[in-house]
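Let's walk through this one together, a question at a time. Have a look at it first.

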Amino acid sequence: MAPILRSENVTKRFGGLIAVSNFDVEVEEHSISAVIGPNGAGKTTFFNCITGFYVPEEGEIYFGGRTIQGLSPDLITKSGIARTYQNIRLFANMTAIENILVGQHPRLKSSWISSIFKTRGQQEEEALALEEANRLLRYVGLTGLGDQLAHNLPYGAQRRLEIARALASQPVLLLLDEPTAGMNPQESAEMMVFIRTLRDDLGITILLIEHDMRVVMGISEQISVMDFGEKIAEGNPKEIQGNPRVIEAYLGRGAAAGLELETRSNGN
Amino acid sequence: MLKGFLDRYLERFSWVSFFLRLFQIAAIIIIVVGVYNTLTTAKYTNAQWVTLVFAGLAQGSIYALIALGYTLVYGILLMINFAHGEVYMAGAFTAVFLANYQAESGFLARSPWLAILSWLALAVVVSTVIAILLERIAYRPLRNAPRLVPLITAIGASFVLQYTFRGFYGTVFRSYPTVPALQGTVNVFGAQVPLVQLVVLIAAIILMVILYFFVDRTKRGKAMRSVSEDHDVSRLMGINIDRIIVTTFALGGALAGAAGIFNGLFRPQGVFFFMGFFPGLKAFTAAVLGGIGNVRGAFIGGLLLGVIESLFPNLILEGLGIPAVNQLRDAFGFTMLVLILIFRPQGIFGERLAEKKA
Amino acid sequence: MEEKPRPTWQIILRSGILGGGIAAYLCLVGLVEAFSERFLIGSFLTLGEVMLVTGILIAGLLTARELKDNKILATGSSLLSGVVSSLPLILLIFITMLFVLRPEILGATYNLRDMFVNLSPELVEILTLGQGLDNLALGILLLILLSALMSLLGAAFVLLPRRWSLGLISGIAWVLVIGIFSDTVSQIVRQVAGQGMIRVIFVNEALTPQAAVIIFAIAFVTGFFSVHTRIQTRWEGIPQTQQSRTRMILLLAAFGFLLVLPWVVGLFLSQALFTVGLFVMMCLGLNIVVGYAGLLDLGYVAFFAFGAYTMGILTTTGSLGRGGLNFWMAIPFCILVGVVWGLILGFPVLRLRGDYLAIVTLGFGEIIRILALSDWLAPFEGGAQGVLHIPYPNFLGIIFDSPQYMYYVVIAGGLIAAFVTIRLRESRLGRQWMAMREDEDVAEAMGINLVQTKLLAFAIGASFGALAGGVWAARLGNIFPHSFNLLISINALAVIIIGGMGSIPGVIIGALVLVGMPELLREFTEYRYLMYGILLIIMMLVRPEGLLPEATRRRELHTGEDENFEPVSQQPVGSDR
């Protein structure tokens with residue numbers, strides 16, 4: 001089966017700094033994949049390259065069989081990629097419902113002229129959109145909070161609202177940037193379960209970024225590890241857990257060596 | 001194969017870039033044609049061009065001194081101090097009374113340099129105080145507000161200052177007395193350049209050098225640079241952020257005050273409550289031209305803008321057969337601003353700040 | 001803010017000097033003297049005196065607020081801070097005496113009035129409460145006494161029980177408002193109740209003392225028994241259906257009232273209403289650009305100018321005339337020209353960030369004005385001479401030569417603008433705008449085409465501005481490039497910011513207060529922009545959302561209504577970038 005998202009040799013530089021270097025990744029359809037790595041490894045930059053916020057200097061990104069790098073972000077979203085942000089970026093002074101309605105934007109068609117005259121088509125579409133927004137609100141468990149301004153919602157609710165907003169565009173591929181950032185272990189575990197449910201319910205593909213290695217191990221089928229912009233390892237969670245380069249990246253060389261010794265002695 | 005390539009290209013085609021490019025080409029063609037026509041008709045002599053350049057440099061040094069205030073504040077607070085032009089006005093408008101008093105009493109004729117120094121002192125003090133008050137009352141409470149809030153406050157402050165001084169000093173146009181010691185011309189490259197223009201230019205350069213040493217060498221200056229890099233880290237280093245910000249406003253105010261007197265020396269007329277508005281805008285243009293946040297850039301940007309404004313209407317517009325080019329001089333400055341921000345928002349020396357994806 | 005309570009003497013000194021400083025500032029800037037001829041009550045109280053004591057009131061208010069736990073201490077302190085606040089004024093009296101009125105005392109060689117134009121004998125007269133230099137000691141004593149009393153009054157707002165202070169505030173406010181707008185009120189009273197009534201209420205454009213007392217008493221009672229809140233609670237008790245029906249009736253009544261208004265208030269006030277309506281129309285357009293799309297446009301006057309010049313050139317009977325259309329035929333062209341120029345000027349600034357956009361649009365506004373003034377374009381649009389002889393609109397043989405007719409044009413235009421604004425706000429495009437205002441990058445990542453969204457905002461906003469410009473040109477008959485200066489842009493911006501960005505009632509209130517009021521207060525014109533500036537700053541410091549901020553609408557289908565949830569703690573969303 002062909003991968004739904006594939007990047008080839010993606011490189012992004014900022015002045016002299018190479019944020020992402022020759023990064024290859026393949027994401028299978030309907031899978032949950034993860035890009036992990038220490039802070040500042042270039043994970044979010046890579047996301048920004050996929051969503052068109054940055055244009056990589058080199059390399060190609062294929063989505064559903066065609067290249068998308070260089071397209072503007074709105075076109076990429078329209079082609080079926082949606083994302084959330086590490087440091088939640090909701091439309092703070094709009095209500096929860098309005099946030100989700102904005103998320104539905106690429107699917108709506110009514111023009112501004114038809115909304116001045118409130119044509120029947122426009123009204124039907126708006127009613128459907130509102131209904132769908134409410135459904136999504138229920139789906140992420142925020143029933144009753146629809147009329148709250150986004151910035152008045154509690155942190156956890158904001159995270160879920162951001163996911164609902166991303167889902168509103170009915171994406172094929174959902175990019176989650178550190179969905180458990182700022183959560184305690186209990187909440188993180190719940191979020192992980194929720195992400196898996198998402199995939200199973202909607203049949204979408206999920207690619208997530210995580211900083212914390214442990215939380216992704218449970219749900220990811222495929223993991224790419226990034227350090228200093230480069231891919232240092234790739235495989236299923238088992239393979240990653242044992243990979244000395246990954247341990248080195250996370251803990252430093254000395255610790256990795258010690259750990260390696262320990263595993264070896266344990267093995268013996 | 002070709003079709004695929006074409007599709008790919010069309011998908012990435014941006015009308016905005018296309019039109020901006022077109023606009024750029026049109027601007028260049030207009031400039032080239034205008035310059036070519038003017039130079040081939042030989043309407044002005046070389047000496048006349050030199051005169052224009054020096055007039056532009058003198059005017060530009062005023063812009064440069066004001067621009068330094070914009071750039072210093074922007075460097076530290078990332079805000080456009082829209083009311084800075086009024087800080088300039090405050091000093092110039094206040095000192096004009098002292099100047100006229102000294103002219104009447106004969107003090108100016110007896111010891112002109114002392115007189116000018118006293119005007120300078122008064123204007124610098126007034127402008128500095130106004131700048132500090134501005135920061136304290138209008139901007140400090142808003143330091144963490146969304147970007148547009150301090151800008152709107154600054155617009156408000158600009159009007160408050162204008163109409164305050166209008167209320168204080170009345171609506172009459174004042175003018176500085178002519179300083180006999182600064183009359184006369186100097187021969188430069190075969191052109192007669194007014195002495196006062198040279199004096200203003202040199203004085204501005206001296207101030208600039210002093211500022212440069214202050215920012216570069218003194219402890220306070222180093223603290224300023226540190227704050228402009230990162231507020232939080234500087235605070236951790238034990239730097240009093242509030243004091244540095246006040247220093248910045250005070251420095252900008254002092255330079256604007258000095259600019260007000262220099263302006264009065266070589267263009268004595270037109271001292272009134274609105275006199276700061278357009279120079280303020282032009283100086284902002286100069287700061288952007290040099291790369292906002294960059295001290296050296298602001299100065300060079302100011303001089304450059306002065307020369308451009310002085311030369312280009314005659315050099316370009318006249319070649320295009322446009323009558324009464326002097327009427328369009330101000331429009332030229334604003335057009336420059338628009339063009340820079342569109343095509344090179346980072347200015348000559350600066351970083352790319354004006355675009356969102358900084 | 002500060003942890004340690006300040007010592008009492010410091011509080012007294014600080015608020016006293018602040019209050020006195022404000023009072024002295026108002027004297028120096030000329031406000032006190034300018035309004036000293038404007039009597040509010042009989043021949044006792046002038047608006048100038050009210051201005052003078054405002055600062056002192058603030059001194060008492062501040063002192064009392066910081067010490068309100070101990071009422072006796074607070075009362076005493078505010079009395080003292082009143083005395084302190086008279087010091088800057090006394091200083092002002094002496095300066096005026098020594099450097100303006102009696103230079104021989106110190107042998108001053110410079111008449112300070114050449115500089116500070118308001119250091120006049122009249123000012124000394126006002127400050128010494130009419131005693132002048134001859135009875136200086138008595139005058140100063142009176143000033144100190146007055147300051148102490150006024151400071152006490154200021155303290156009373158804080159220290160009195162809530163009902164009493166509400167009554168007091170509403171009483172004073174109403175007397176002031178009716179006194180200030182006596183001109184307007186008396187014209188309305190004349191139309192409604194006839195000349196006899198006026199003699200009871202007004203004398204020489206001021207309230208009669210009896211009338212003042214009666215108004216104060218009525219307002220005091222309404223404030224004291226907080227009638228507003230009672231009505232509101234009663235209103236909320238009414239069932240939903242009846243509420244909406246009542247609202248409908250009220251709306252219709254308001255509309256009817258709007259329709260007959262010009263004939264009730266007379267010619268002069270109709271002109272003011274016309275101007276207010278014109279600004280409402282224009283500001284609704286700017287509101288789309290600034291309030292909804294978040295693009296701070298400081299050159300909005302350009303579109304107003306395009307509209308006015310289009311109307312002028314297409315309809316004038318003068319030599320510049322092209323097309324020879326009538327008003328109604330020219331209107332669509334005004335709108336069209338506005339849209340086209342909205343797109344043209346919007347295009348280059350598409351990629352600029354907020355504050356740069358503001359400066360560049362300001363530059364555009366100025367470029368347009370300078371070009372309009374220049375000889376270069378004079379053959380097309382008249383240069384400095386402007387466009388003359390623009391005919392009045394003519395509707396079914398009625399020539400709209402008075403503001404009372406033009407008022408209806410403006411009302412119609414305003415209603416259309418409001419209608420379009422409301423419909424768009426509720427639509428997909430409105431959400432696009434607001435999303436863009438909140439976070440441009442995320443909006444783009446939601447599939448919103450920023451170029452299209454911004455250009456639509458500029459174009460639709462510009463069309464309202466141009467429409468207003470066209471109507472304005474037809475009302476004036478002659479237009480000159482000088483009229484299209486930056487102040488109009490600032491005026492419009494102040495209206496929407498002070499009214500409340502994004503809110504239609506806010507725009508209307510803003511226009512009434514900022515445009516209507518200066519039209520009615522002739523003495524005010526000089527200080528109009530000073531007031532705007534002060535209001536803008538205070539608004540940004542105290543209430544950045546404006547007087548009547550846009551309300552959030554409730555849209556969720558109430559399926560899970562039973563869940564009672566508490567409004568939640570403030571969690572910052574995202575970064576501030």
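Q: Where in chain A is Gln170(A) found?
A: Helices (DSSP runs of H or I, at least four residues) and strands (runs of E, at least two) are numbered from the N terminus. By that numbering, Gln170(A) sits after α6 (155-167) and before β7 (173-177) of chain A. Its place is the loop between α6 and β7.

Before going on, a quick note: this is a predicted model, where local features need pLDDT of at least 70 and side-chain atom pairs count only at pLDDT 80 or more, while totals for chains, interfaces and linings use all residues. Residues are numbered from 1 along each chain as its sequence is written, chains are lettered from A and ligands numbered from 1 in the order in which they are written, and side-chain values use heavy atoms, leaving out hydrogens and water.

Q: What is phi of Gln170(A)?
A: Most residues other than glycine have a negative phi. Gln170(A) isn't glycine, yet its phi is positive. The value is near 50°.

Q: Is Gln170(A) buried, exposed or partly exposed?
A: Buried means under 20% relative accessible area, exposed means over 50%, and partly exposed is in between (1.4 Å probe, protein chains only). Gln170(A) has a relative accessible area of 48%, so it's partly exposed.
That puts Gln170(A) down as partly exposed.

Q: Which loop holds Leu78(B), and what is its phi?
A: Leu78(B) is in the loop between α3 (46-77) and α4 (84-105) of chain B. At 44% relative accessibility, Leu78(B) counts as partly exposed. Its phi is positive, though Leu78(B) isn't glycine, with a value near 55°.

Q: How many helices and strands are there in chain A, and what is its radius of gyration?
A: Chain A has eleven helices and ten strands. The globule rule (2.2 Å times the number of residues to the power 0.38, with the radius taken over C-alpha atoms) gives 18 Å for the 268 residues of chain A. The actual value is close to that, so chain A is as compact as a globular protein of that length: 20 Å.

Q: What share of the residues in chain A is buried?
A: Chain A has 268 residues. Buried ones make up 56%.

Q: How far apart are the centres of domain 1 and domain 2 of chain C?
A: A domain assignment (automatic or from a database) gives chain C domain 1 (1-159), domain 2 (162-237) and domain 3 (268-557). Contact, meaning heavy atoms within 4.5 Å, takes eleven residues from domain 1 of chain C and 17 residues from domain 2 of chain C. Taken over C-alpha atoms, the centres of these two domains are separated by 28 Å.
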